[in-house]
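Reader: Please show the structure, and then take me through it by question and answer.

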Amino acid sequence: MIFITGGVRSGKSAFAEQTAAQFGVEKRYTYIATGVAFDEEMTHRIARHQQDRQTQILSWQTIEMQCEFPNTLNMLTEQDVVLFECVTTWLSNVLFHAESIQEPQCFITEQIKAFQKQLRFLIEQGVKIIIVSNEVLDEPASAYEEVNLYRKTLGELHQWLVKHSTEAYEVQFQLVQRWK
């Protein structure tokens, strides 16, 4: 598994797609998109990412996912490359969905455990996985409990992802720093 993080519009998505291409055109490529077009800016960002993938030599199958991994991922093998874009959006989706549940913390914990279990399974199957996330942990603590829960949970999830990754990168201003 390869973990890539960086600031918003830092170039991390382009770097992730370039990293995926290193596995060769004979692989099957799956793009797991977690973004939800809830406003005009997000609609444009999603469209731009879709257009970027269409202009590549690689042929991407896109799977849209808000919280739970689709069962189709259980069919992937060592012939597959998965690009998961992105952890911060996925976690936001989980936290947003948890607000409507009676025991939100249980739901959040269950979703994170399922996420980790799915990634471990894909790794065991030999699937090449590239995980993209945003770096939002450099900001000072918030006055809002929900924001601090998000940051705490994201920080713990980032640590788990880096621990289980063979490579970890940070992208800022299209400059890439390899940390692992």
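Author: Partly exposed is the class between buried, under 20% relative accessible area, and exposed, over 50%. The model discussed here is predicted.

Reader: Is Glu 156 buried, partly exposed or exposed?
Author: The relative accessibility of Glu 156 is 45%. Buried ends at 20% and exposed starts over 50%, so Glu 156 falls in the class partly exposed.

Reader: Which residue forms a salt bridge with Glu 156?
Author: The pair lies within helix 5, its two members four residues apart, about one turn of the helix. An α-helix has 3.6 residues a turn, so residues three or four places apart point the same way. The closest N and O atoms are 2.9 Å apart, and the partner of Glu 156 is Lys 152.

Reader: How many salt bridges does the count come to?
Author: One of them joins Lys 152 and Glu 156. Another is formed by the side chains of Asp 80 and Arg 28, at 2.7 Å from N to O. The count comes to two.

Reader: How many residues apart in sequence are the parts that Asp 80 and Arg 28 tie together?
Author: Asp 80 is buried at 2% relative accessible area, whereas Arg 28 is partly exposed at 44%. Asp 80 belongs to strand 4 (residues 80-85) and Arg 28 to strand 2 (residues 28-33), so the salt bridge ties together parts whose separation in sequence is 52 residues.

Reader: Which elements give two or more residues to the largest nonpolar core?
Author: In soluble globular proteins, nonpolar side chains tend to be buried together. The largest nonpolar core here has 32 residues, and Phe 84, Trp 90, Phe 115, Leu 119, Ile 131 and Leu 161 have the most contacts inside it. The contributing elements are strand 4, helix 3, helix 4, strand 5 (128-134) and helix 5.

Reader: How many residues are in the second core?
Author: This core is separate, and Ile 2, Ala 33, Trp 60 and Val 81 are included in it. Its size is 17 residues.

Reader: Which residues does Leu 161 touch, not counting those up to four places away in sequence?
Author: Leu 161 is among the residues with the most contacts inside the largest nonpolar core. With residues up to four places away left out, its contacts are Met 1, Phe 3, Val 87, Phe 115, Leu 119 and Ile 131.

Reader: What volume does the second largest pocket have?
Author: Helix 3 (87-98), helix 4 (104-124) and helix 5 (145-163) each supply at least two residues of the lining. Helix 5 gives the largest share, five residues. By type, the lining divides into seven nonpolar, one polar and three charged residues. The space in this pocket is about 270 Å³.

Reader: Which residues does Thr 153 touch, not counting those up to four places away in sequence?
Author: Thr 153 is found in helix 5. Its relative accessible area is 8%, which places Thr 153 in the buried class. Outside its sequence neighbours up to four places away, Thr 153 touches Leu 91 and Ile 112.

Reader: How many of the 10 residues of helix 1 are buried?
Author: Helix 1 (residues 12-21) is largely enclosed by the rest of the structure. Its buried residues include Lys 12, Phe 15 and Glu 17. The number buried is seven.

Reader: What separates the C-alpha atoms of Tyr 169 and Ile 101?
Author: Tyr 169 is in strand 6 (residues 167-172) and is buried at 11% relative accessibility. Its contacts include Phe 15 and Trp 179. Ile 101 is 68 residues from Tyr 169 along the chain, and their C-alpha atoms are separated by 35 Å.

Conventions:
Residues are numbered from 1 along each chain as its sequence is written. This is a predicted model: local features need pLDDT of at least 70, side-chain atom pairs count only at pLDDT 80 or more; totals for chains, interfaces and linings use all residues. Side-chain values use heavy atoms; hydrogens and water are left out. On a 1 Å grid over the protein atoms alone, a cavity is a set of points where a 1.4 Å probe fits but cannot get out, and a pocket is an open set with protein on both sides within 12 Å along at least five of seven lines; lining residues have an atom within 4 Å of a point. Grid points are joined across faces, edges and corners, and a volume is the space filled by probe spheres set on the points. Ala, Val, Leu, Ile, Met, Phe, Trp, Tyr, Cys and Pro count as nonpolar, Asp, Glu, Lys and Arg as charged, and the others, Gly among them, as polar. A salt bridge is a side-chain nitrogen of Lys or Arg within 4 Å of a carboxyl oxygen of Asp or Glu. Buried means under 20% relative accessible area, exposed over 50%, partly exposed in between (1.4 Å probe, protein chains only). A nonpolar core is a set of buried Ala, Val, Leu, Ile, Met, Phe, Trp, Tyr and Cys residues joined through side-chain atoms within 4.5 Å. Contact means heavy atoms within 4.5 Å.
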